[in-house]
Amino acid sequence: MPESTEAMSRRSLLITGGAVATTVATTSGASALARGEAASQGSQSGDNADRARIDVHHHFTAPAWVDWAEREGLVRRQELPWWARWDLDSTLALMDRVGIATAVLNPTMQDRYRSAAQAREGLTVVFEALAALVASHPGRFAVLGPAVLDHPDVTTWALQHAFDKLGAVGVSVKANYNGIYLGDPSYDRFLAELDERATVLFTHPLDLPGGPPGVPTVPGIPNFMCDFLLDSTRAAVNLIRTRTLDRYPHLSVVLPHAGGFLPHIATRMKAFGSFCTPPLDAARVQDYLHRFYYDTAGPLAPSGTLVATAGADRILFGTDWPAASADIITGFTVPAVETDPVLTNRQRRGINRHNALRLMPTLKRT
């Protein structure tokens, strides 16, 4: 879909998010970083899984794509949010600092194309960059295929390229497109293609539909603070309401940021599901809560409710790099897992690595 300057500013909210988060980390002082690093160093066990983490929530903006998109007039380099200025050196430094063995790369800004032909050209640049990166750093990076749902034929081509040539371990898609949420029948062709490949679908939120792009819904509260989480929650509830995982039983869905508000409204959904159209029964809600996967990016809050709702074996380690800064990841994201009193060491090893390998076994071959 073509993206206006206003839509570009919508993504710039993440600049504010990173700035606010960095301020929190800075004002917490060295003690926050010390707690994070001590937690990471002090939790090593058995198979040393904390030094072999798999990061399933890693945003990737190919520098070569930025060069191409600027020539095409799709972006202005000086106006790009800082998280779109991805570079290899700082990425590897962060990965080594917190023991990330493999990062699963999610290509960003793939909804800026003005035509199907331009989308195919831009994706070709992305795929070439991904192929070169994976080849030059064996085992460090895996790939998610991008979807450009405004151009279904291009998406079909992109999925074939991502899986058959790049060995993609999943696909990334936004929680809603133009206010239409995952689970709507308009997604059926796309989901059928994914189901045929038994694909893992990673969702990601943005602003809630209906408001001016880039403008806080509540003055003074950046949209990433609350609205992003509601965006993910709406998508998850709609997937439950429309029985999407029953219609596409080979599809696995990963919800970011611990599922947004979903685990916290589980009982509410069971109690009041009859008011939905069609009605939701408590058994179906319970079933779907255990079928989704949830990542730790955000960072993860104390996980008692999530573990009780879904099970620790459905939680995957994620950082949100580079939208989340290195200080946030070392000072908050990693300690959130490593010091959580609810989790056992075995569960931590699962979250750090083994749950992702079970969900995406091709990661073993990266």
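Is Ile 221 buried, partly exposed or exposed? Ile 221 is partly exposed, at a relative accessible area of 35%, where buried means under 20%, exposed over 50% and partly exposed in between (1.4 Å probe, protein chains only). The model is predicted, so local features need pLDDT of at least 70 and side-chain atom pairs pLDDT 80 or more, while totals for chains, interfaces and linings use all residues. Residues are numbered from 1 along each chain as its sequence is written, and side-chain values use heavy atoms, without hydrogens and water.

Ile 221 sits in the loop between strand 7 (200-204) and helix 9 (223-241); helices (H or I, at least four residues) and strands (E, at least two) are DSSP runs, numbered from the N terminus. In contrast to this loop residue, Leu 133 of helix 6 (residues 116-136) counts as buried, at 9% relative accessibility. Between Leu 133 and Leu 88, 45 residues apart in sequence, the C-alpha to C-alpha distance is 9.0 Å.

Turning to the interior, what lines the second largest cavity? Its lining includes His 57, His 58, His 59, Phe 202 and Asp 295; a cavity is a set of points on a 1 Å grid over the protein atoms alone where a 1.4 Å probe fits but cannot get out, and lining residues have an atom within 4 Å of a point. Strand 1 (53-60) and strand 7 each supply at least two lining residues, and strand 1 gives the largest share, four residues.

How values were computed:
1 Å grid on protein atoms, 1.4 Å probe; cavity = no way out; pocket = protein on both sides within 12 Å on 5 of 7 lines; lining within 4 Å.
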